Each structure stands twice: as structure tokens, then as C-alpha cells.
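The following note sets out some points on helix packing and residue environments. Please read it alongside the sequence and coordinates.

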Amino acid sequence: MATIAIENVRKTYPGGIEVIKGLDLSIAAGELVVLVGPSGCGKSTLLRMIAGLESITAGEIAIGGRVVNNLEPAERDIAMVFQNYALYPHMSVRGNLEYGLKNRGTPRAEIDARVKEAARILEIEPFLDRKPRQLSGGQRQRVAMGRAIVRKPQAFLFDEPLSNLDAKLRGHMRVEIRRLQRTLGTTLVYVTHDQLEAMTLADKLVVMNGGAIEQQGSPLELYGDPQTLFVAGFMGSPGMNLIDVAQLRAAGATLPDAVPAGTGVIGIRPEDVFLEAGRVDGPAITLPARIEAVEMVGAESLAYAAVGGLSQSVVLRIPGAWTGHADTAADLHLPLTRLHCFSKETGRKVPLSAPALAA
Amino acid sequence: MIENRPWLNVFTHLVLILGVAIVIAPVYLAFVASTHGDGAFVSGVMPLWPGSEMAANYGSMFTTGMAKSGAPPLALMMWNALVMAVVITVGKIAISIISAYAIIYFRFPGRVLFFWMIFITLMLPVEVRIVPTFKVVADLGMLNSYAGLTLPLIASATATFLFRQFFMTLPDELTEAARVDGAGPMRFFRDILLPLSRTNIAALSVILFIYGWVQYLWPLLVTTDPRYYTIVMGIKRMVAVAEADPQWNLVMAAVMLAMLPPVLVVILMQRLFVKGLVETEK
């Protein structure tokens, strides 16, 4: 269990391409931190820099208070789980688990005890003498995690470990990773591009974009109070409705005074848009719209509404099965308290003015 | 595609049988000749059935050799050929797997240059560089020695290239996982790369053993001492006798014995061989 401190870290590849642009991040001991972002945002590079698989161009990374910039991966006391598992194909499961310990000169009795314990925790005891190719994807995944656990490292680094599994197994393993991390109490840095995975796993969620951190905080904080347009659009599925104010004005709609002056884009979550005025308490924006299509997802329905003058349709999340008809006119009610206002130029949040809201 | 055309079946089988016959016939004749007495083969009527002198022919060739042409016993020549083939096989594989490892896994100045230098030697088979190579070996005083027989043939671009291709198919994560697991370059080579290359090494061994065994021109040049004759070039010495007909029955016995080890190697290693060529264990 250790803290990880990342200070002003940069990564520039030969040829001058800067993939990490001066990034600060501090991870508390025993915390599960998820790095999430679109592909190419530098999240994997950052993880590999912590692991020691990529060199650090500038800045400092410390694990457990020890600066590790120039240490080999093996000397950093971390364990990594790779997307394609990277199990040694010619070794049995037991051999895979033992290998790192053997290289460190761990006594035989200790190795056996740790392998036994890891196998028990991950329920892979029946496969210990099989080769990786005789295992299913989920079992390989467990072995890869086992290889990390037996080492009892300061920190685990997971690089999109669930991407190669089918959806059902992915959900199952997600719960398991969470449980495992709680039991062991080891610091875990987890990279994924799947925001659902990020939301459900993280103690602290770090959204990255273009080699920098957009926002960090607890999953609900990021979901409920996105500080930038990027985070607003990235978190949630479907993402937040982002409505261009200029388009709205051009279509003849007027915005209440509560919306601050610099607002270029207003955002609202699909579950915060209502069809019935009665369900909204407090002031709201009302937009005349036409329901174009409805997707029944089971427990909820997603309705796509076209608002005159807007280039994108507004998505509504309606609990239960929606009984109305598609292609009908309806009014959308957007409660002001749920509105997020962003500046179009900076992409950052503009706070709602509280007095105007009260009025 | 399943077709039921009896005549096509008959025809294809005829073609195959004809092909097999063309390959087998000379071998069969060599065998028949090696079982007859002296002179039976050149008397004008070639016998088509095995004769009665088999044991005598093979026995004398194996133990005393063909004294008339100055050829040593076959046992010695086969031993020499075996030494040559095994040293070449082991040497080639050892050198090429190490150089492929260096080229793929290490960043050093001139890495690409070295790779291309190795690669370009593919265009220079033994026969092309044989005269300068002979000069070098002679100046080093390695004529008539096992070192002279084997060393110049060991450097191998083909095997290096094959190992390079194989190493490139291994995922980078495997190397990284080993680094995280604390395996240094030597450990990684010994614990991960060598075991993974097992089937490739087996397949290459078969090819290289036969390559070493059938070497003809090079042993012919560097050995004048019968103690270092290998069997394939020894046959040449047996045939080149002055002022007499070659003893074809004995020569053919030597030929049959020379063919035996490669055949055995292929038969015994066949499964590994095919596995190595077809399957990549990943």
C-alpha cells in the first residue's frame, strides 16, 4: 500500500510529439484511481510511465515517497495487468504466478504459500497445472491478476484489463476487481476507455483529454458537476445534452436571466429533461419539440426529441416503458437547477448565479 | 469439394505413382547394386533383384573401407559427417538465435546496419565465397581439422532471419510482463524466448542437420587427410580410382549408408518438424 505522487510529468516522443503535457496527480494509499478518456488521450502512456515501461521526459513520479524516475519496472515494486494478459504461454498457471517471485529469490515455502493464497482468492486452484491456452478468457484474466497479487506489490497497475471479455463477464469481473482491491487494500491505478467501468470502479476518477487532466474527483462529483464541456459529454451514456445557445436564440427561444452572460452552451442530463410540466418544481426552460424516435431499453426508455433550430436532437431518459407515440409534438421542460452552463470559448463551466435562480 | 469421377481418381493416382517411381527407382538400383558381388553391376546386364553379398559388402565398407582408393572405413567417415552436421546445426542455431535476439530486443547504434549486413549475406552462398574462405581457413592453419570443416559454414543469415521473424510476432506485452516480473535480459532469453522458440529450433535443426550432412564441396576442398573425410565427399574419392573400374557395389553400399541418417532424422523428427513449421505457440 503506497501513495503515488506525479508532479509536473511530461512525455515527449522523439519527433516532438508531446503526449503528456505537464500533469499533476496525487493518489492516496489504498485508493482505486481510474484514468479514463478517449483513445490517444495519454492515459495508457501515463500508466506505463508509472510502471517504468516508458521513460519520463520531465517531472517526477514517486511511489511510496520514493522517486522512481530511473528505476527499472521490477525495482518499483508494482505489478501490472495487461489488456491481452501477457501470460507466459509455455508455463503452467502455477509457473506464471511463481515467475516474478522466483526472480526475486523468494524462498520456496513462501512462494508456495502465496501462490496457494492467490489461487484461493481468485478461485483458480483447479487450473494451476494447466497452460494458459487451455483456459477461457475470464480464467486467463484471473491468472493475470493472480500474477499481480502474489507479488504483494505497493501498487497495482491495470491497463484496460477487461477489454477482451464479453459484456456479461466484464460486469462480473468489475465487481470482483472492486472486491479484491477492498480486501487487499492495495493502491490500484486502472486505465479504461469505458466510462461505465470507470464510474462503477473508481474511488477517484480522473478524466484525461489530450495529454492533460480535464477533471478529477469522485465518480458522482464528475457526473453531477462536470467542470468542462469535455467531461460533460464524456461521462454518462447517453452523454449530457449539449445545446448551443446561439442556435437556441436564433430559433426564437429566450433564456431566463439565471443563465449567466458568458454561456455559449447549456448542458442537461437526459434524466433531467421532463415531458410533464408537473414533475418540475422551480423555474424551468420550456422548449417546444417533436419526439422523433424512442428506444426501449427495458427499465427505461430513451426518447429523441427534435427542437426547432437545433442541429442535434435532445435525448430524454424516461423511467419504465414509454407509452406515448413517436412523431408527436411535446414540450420539453429543463429545470434551471439541473442546468450546466459552459463557455463556448474556454469549454469551462460558468456558474449559475444563485440570486437569479432564487428569483 | 467432393467429386466422384472414377477416371480422374485413376489418373491422379497414376501420376502420383509415376512420380514416386521416378524418385524411388535410382535408390532401388543403388540398393540392388550394393548387394551384389564385385563386377556384377558393370557386366552389361544389370541385376534387378537384390543379390547375396549384402552383408559382406556393408561389413567390409563399414570396418575397413575401400583401401584401393584410399578411403577410410565408413564408420569414420560417418562419424566425421555426424560431427560436422551436429556442430554446424548447434553453432548456426546458437549464433542466429542470439543475433536475432540482439537485433529485435536491444537498441544499439548500427542495429539496422547490422541487420542488413546479415541479411545481405543471404545472397552469398558458400560456393560464391569459397575461394576466399579457403584462403582464410588455410592461412589460419585450419585445413584438415573439424574447426576448418565447420566454422566457415556456421554463420547463418537464413536462421537469423527466421528467428527475427518469429521474435517479431511475440507481443511486446510479454517482454514488458517479464520486465515487471524482474527478469533481466539473460533471464528473459533463457526463461521466455528459448522455450517459446522450441518448435522453431526443432524444425530448423532438421533442416540444418541435413544441410550439414550433405555438404560436399567444402569438405572436398579443406580435407586431404582421410581421417577427416566426410561420407558424402568420401564417395567422390571412392569413385575416382586410377586405372581401374570403380567398385560400384561398394560405392553403392556407401551411398545407401550416407542416405540413412537424413532419412532417419526426418522420420523421427517429422512430427516436431511439421509442428514447428505450422504452429506458432502464442
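At what angle do α3(B) and helix α12 of chain B pack, and how far apart are their axes? The points below begin with that pair; the model under discussion is a predicted one.

1. Packing of α3(B) and α12(B). The angle is about 140°, and the axes of α3(B) and α12(B), the latter covering residues 231–239, are 8 Å apart. The two helices are therefore oblique to each other, since the roughly antiparallel class is reserved for angles over 145 degrees. On the α3(B) side the contact involves L74(B), M77(B), M78(B) and A81(B), which meet I231(B), G234(B) and M238(B) of α12(B). By class, this contact has six nonpolar residues, one polar residue and no charged ones.

2. Two further positions in α3(B). Helix α3 of chain B spans residues 74–105 and contains S96(B); V90(B) is found in α3 of chain B as well. Are S96(B) and V90(B) buried or exposed? S96(B) has a relative accessible area of 0% and so is buried, whereas V90(B), with a relative accessible area of 53%, is exposed. Leaving aside residues up to four places away in sequence, S96(B) touches S156(B), A159(B), T160(B) and F163(B). For V90(B), the C-alpha atom is separated by 9.7 Å from that of I201(B), a residue 111 places away along the chain.

3. Chain A as a whole. The secondary structure of chain A consists of 10 helices and 18 strands. Its C-alpha atoms fill a box of roughly 75 × 45 × 40 Å along the principal axes. Of the 359 residues in chain A, 51% are buried. Among contacts in chain A that join residues at least 6 apart in sequence, 67% link residues at least 24 apart.

4. Helix α4 of chain A. This helix comprises the 13 residues 137–149, and its span of 18 Å from first to last C-alpha is close to the 18 Å expected at 1.5 Å a residue. It is mostly covered, with 10 of its 13 residues buried; among them are G138(A), R142(A), M145(A) and I149(A). The cover over the buried residues of α4(A) includes β6, α2, α3, β7 and α5 of chain A, and α8 (172–180) of chain B also takes part.

5. Packing of α2(A) and α3(A). Two of the covering helices can be examined as a pair. The axes of α2(A) and α3(A) come within 10 Å and cross at roughly 135°. That angle makes α2(A) oblique to α3(A), and the crossing is right-handed. In the contact, R94(A), L97(A), E98(A), L101(A) and K102(A) of α2(A) meet R108(A), I111(A), D112(A), R114(A) and V115(A) of α3(A). The residues of this contact divide into four nonpolar, no polar and six charged.

6. The loop residue E160(A). E160(A) lies in the loop between β7 and α5 of chain A. Its relative accessibility is 10%, so E160(A) counts as buried. Which residues does E160(A) touch, when those up to four places away in sequence are not counted? They are K43(A), Q83(A), V191(A), T192(A) and H193(A). In addition, 7.2 Å separates the C-alpha atoms of E160(A) and Y190(A), which are 30 residues apart along the chain.

Conventions: Residues numbered from 1 in each chain as written. Chains lettered and ligands numbered in written order. Predicted model: local features only at pLDDT ≥ 70, side-chain atom pairs only at ≥ 80, totals over all residues. Heavy atoms only, no water. Helix = DSSP H or I, 4+ residues; strand = E, 2+ residues; numbered from the N terminus. Expected span 1.5 Å × (residues − 1). Buried < 20%, exposed > 50% of the residue type's maximum accessible area, 1.4 Å probe, protein only. Contact = heavy atoms within 4.5 Å. Axes fitted to C-alpha atoms, helices over the stretch in contact; angles between N-to-C directions. Parallel < 35°, antiparallel > 145°, perpendicular 65-115°, else oblique. Left-handed = near helix turned anticlockwise from the far one by under 90°. Nonpolar A, V, L, I, M, F, W, Y, C, P; charged D, E, K, R; others polar.
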